[in-house]
Amino acid sequence: MGNVSVCSDYCTQSSEVEASADSELEALISELFRLHDLNGDGVLDERELVKLNEKIAKLHYGVDIDKEKVKVKYQGVFREQLDANGRPVPYRVFKRYMLRMLKELDSDRLA
């Protein structure tokens, strides 16, 4: 009987930890979307993804980056992962993409 109580306590604590992690992840993805949505219109468009990654590339490699190369790369990412026609996407599409990417990087939800 003691094992049932231990399992019950552990399972409850484990569920609480997972719910907390899910809530934190949701908040982080939401904030990331907000930061990507450069014009604040509630959707992420291809141009915003390209511009943001141009700025990141400049920070990493300096002002002499190949903007066309960055543009081609992130237009490709947008069209392959978010919308094949390059149309703006809402948060739910961005979230699905981010969760897929995180799972590919590390399948442990609590990591």
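**Notebook: salt bridges, a pocket and a patch**

I started with Lys-51, which counts as partly exposed at 38% relative accessibility. I was working on a predicted model. I then looked up the charged partner of Lys-51, and found a salt bridge with Glu-54, with 3.6 Å between the closest N and O atoms. Both residues sit in helix H2, three residues apart, which is about one turn of the helix. Glu-54 has a relative accessibility of 9% and counts as buried, because the cut-off for buried is under 20%. I note that this bridge therefore joins a partly exposed lysine to a buried glutamate.

**Confidence and fold**

I checked the confidence before going further. The protein chain has an average pLDDT of 88, and 79% of its residues score at least 70. By element, I found the lowest mean pLDDT, 75, in helix H1 (residues 2-36), and the highest, 97, in helix H3 (residues 67-82).

I counted four helices and zero strands in the protein chain. Read from the N terminus, the order of the elements is α-α-α-α. Of the 111 residues in the chain, 23% are buried.

**Other salt bridges**

How many salt bridges does the structure hold? I got six. As a reminder to myself, side chains of opposite charge can pair when their charged atoms come close. Besides Lys-51 with Glu-54, I wrote down two others.

One of them is Lys-95 with Glu-26, whose side chains meet at 2.6 Å, N to O. This pair links distant parts of the chain, as Lys-95 belongs to helix H4 and Glu-26 to helix H1, 69 residues apart. I looked up the accessibility of each partner. Lys-95 is partly exposed, with a relative accessible area of 25%. Glu-26 is also partly exposed, at 30%.

The other is Arg-34 with Glu-31, where the closest N and O atoms are 2.6 Å apart. How far apart are Arg-34 and Glu-31 in helix H1? They are three residues apart, so about one helical turn separates them. Glu-31 has a relative accessible area of 34% and is partly exposed. I kept in mind that helix H1, which holds this pair, is the element with the lowest mean pLDDT.

**Second largest pocket**

I turned next to empty space. Rolling a probe the size of a water molecule over the atoms shows where such space is left. I looked at the second largest pocket and noted a volume of about 280 Å³. Its lining has 16 residues, and those nearest the centre are His-36, Leu-49, Asn-53, Tyr-97 and Met-98.

Which helix gives the largest share of this lining? I found that H4 does, with six residues. Each of H1, helix H2 (46-61), H3 and H4 supplies at least two lining residues.

**Nonpolar patch**

Last, I looked for nonpolar surface. I found a patch of about 280 Å² made by Leu-99, Leu-102 and Leu-105. I took Leu-102 as the residue to check, and placed it in helix H4 (residues 91-105). Is Leu-102 buried or exposed? Neither label fits, because Leu-102 has a relative accessible area of 34% and is partly exposed. That value passes the patch cut-off, since a patch residue needs over 30% relative accessible area.

I closed the entry with helix H4, which turned up several times: it holds Lys-95 of the bridge to helix H1, it gives six residues to the pocket lining, and it carries Leu-102.

Methods. Residues are numbered from 1 along each chain as its sequence is written. This is a predicted model: local features need pLDDT of at least 70, side-chain atom pairs count only at pLDDT 80 or more; totals for chains, interfaces and linings use all residues. Side-chain values use heavy atoms; hydrogens and water are left out. Patches are made of residues with over 30% relative accessible area and no salt bridge: like charges are joined within 9 Å, nonpolar side chains (Val, Leu, Ile, Met, Phe, Trp, Tyr) within 5 Å. Accessible areas come from the Shrake-Rupley method with a 1.4 Å probe; for residues, only the protein chains shown count as cover. A salt bridge is a side-chain nitrogen of Lys or Arg within 4 Å of a carboxyl oxygen of Asp or Glu. Buried means under 20% relative accessible area, exposed over 50%, partly exposed in between (1.4 Å probe, protein chains only). pLDDT is the predictor's confidence in each residue, from 0 to 100. On a 1 Å grid over the protein atoms alone, a cavity is a set of points where a 1.4 Å probe fits but cannot get out, and a pocket is an open set with protein on both sides within 12 Å along at least five of seven lines; lining residues have an atom within 4 Å of a point. Grid points are joined across faces, edges and corners, and a volume is the space filled by probe spheres set on the points.
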